[in-house]
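Dear colleague,

I am passing on a structure that I would like you to look through, and below it you will find my notes on what turned up. Please read them with the model open beside you.

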Amino acid sequence: MLERLRPIALGYVPLADMIGELVREQERRHAHIAFRFSAAATERSYGDSIDLTIYRCLQEGLTNAVRHAQARQVTIKLSAETGRQLTLSVRDDGCGIHPGKIAGFGLRGMQQRVEGLGGRYTIDSEPGNGTCVHVTLPLPEGPTVGPCSEAPGRTAS
Ligand SMILES: Nc1ncnc2c1ncn2[C@@H]1O[C@H](COP(=O)(O)OP(=O)(O)O)[C@@H](O)[C@H]1O
Ligand SMILES: [Mg+2]
């Protein structure tokens, strides 16, 4: 239930903090994996759809890295070019996606969310050489949506 409710804080809590918290949660659960997280030049919020898409992509990318990769290290980067694009990457040093493996609901869901916002989703993986999920979302020009600007009661999924 927590997992469904928590994104409601998006838009109220800065995106970078929400994402940092997701990473710390995995750190607490998987002490044998080293997580590195950096967020460069990011606004508080980019509006509901973008914030939620980044949040969900990171959630799935992290879950996959800890569940499937046998990674020792996972590196997460969030960076923004104002008025242009927002980029998230999740890189692990694990076993890579087995060749011939068909994307499941997790990877396909990520792709659909990203492409639905006109963004780009790529996944680079080599057997024995880790996996990198890369998401780029275009940003609208002009000022970004500020925090607490939406009426309460909106839904997040
Ligand atoms: N980071 C990763 N490292 C190794 N294998 C991965 C990674 N991410 C995904 N995979 C492989 O791709 C498959 C599909 O992933 P996904 O669509 O998220 O479905 P699910 O996680 O439910 O199996 C996984 O079952 C796994 O075999
Ligand atoms: Mg998955």
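In which helix is the place of V23? V23 sits in helix α2, where helices (H or I, at least four residues) and strands (E, at least two) are DSSP runs numbered from the N terminus.

Before going further, some words on conventions. This is a predicted model, in which local features need pLDDT of at least 70 and side-chain atom pairs count only at pLDDT 80 or more, while totals for chains, interfaces and linings use all residues. Residues are numbered from 1 along each chain as its sequence is written, chains are lettered from A and ligands numbered from 1 in the order in which they are written, and side-chain values use heavy atoms, with hydrogens and water left out.

Overall architecture

The protein chain holds four helices and five strands, and along the sequence these follow the pattern α-α-β-α-β-β-α-β-β. Of its 157 residues, 39% count as buried, where buried means under 20% relative accessible area, exposed over 50%, and partly exposed in between (1.4 Å probe, protein chains only). The accessible surface of the protein chain comes to about 8,900 Å², and 52% of that belongs to carbon and sulfur atoms, the areas being computed by the Shrake-Rupley method with a 1.4 Å probe, with only the protein chains shown counting as cover for residues. Among contacts (heavy atoms within 4.5 Å) between residues at least 6 apart in sequence, 69% join residues at least 24 apart.

The sheet

The five strands make an open sheet in the order β1-β2-β3-β5-β4, with mixed pairing, where two strands pair if DSSP finds at least two bridges between them. Strands β1 (34-40) and β4 (120-125) are the edges, each pairing on one side only, and the twist from one strand to the next averages 10 degrees; the axes here are lines fitted to C-alpha atoms, for helices over the stretch in contact, and angles run from 0 to 180 degrees between N-to-C directions.

Strand β5 (residues 131-138) pairs with β3 (residues 85-92) in the antiparallel sense over eight bridges, and within that pairing D92 stands opposite T131. With β4, strand β5 pairs in the antiparallel sense over six bridges, and C132 is the bridge partner of D124. These two strands, β4 and β5, form a hairpin with five residues between them, and G128 in its turn has a positive phi of about 80 degrees. Six of the eight residues of β5 are buried, so this strand is largely enclosed by the rest of the structure.

P138 also belongs to β5, but at 37% relative accessibility it counts as partly exposed. Leaving aside neighbours within four places in sequence, P138 is in contact with I50, R84, Q85, L117, G118 and G119; its C-alpha lies 9.1 Å from that of I50, although the two are 88 residues apart in sequence.

The helices and the loops beside them

Helix α2 (residues 15-29) packs on the sheet and touches β1, β2 (73-81) and β3, its direction making about 175 degrees with that of β1. Within this helix V23 counts as buried, at 3% relative accessibility, and, neighbours within four places in sequence aside, it is in contact with F35, F37, L58, L62 and I76. The C-alpha atoms of V23 and T75 are separated by 9.8 Å, with their positions 52 residues apart along the chain counted as the separation. In the loop between α2 and β1 lies H30, which is buried at 18% relative accessibility and touches F35 and V66, not counting residues up to four places away in sequence.

Helix α4 (residues 105-116) lies across β4 and β5 and runs at about 145 degrees to β4. R108 lies over the face of F105, at 5.2 Å from the ring centre, by a rule that asks for NZ of Lys or CZ of Arg within 6 Å of the ring centre and within 35 degrees of the ring normal.

One backbone point deserves a look. Most residues other than glycine have a negative phi. Q70, however, has a positive phi near 50 degrees; its place is in the loop between α3 (48-68) and β2, and it is exposed, with a relative accessible area of 64%.

With best regards
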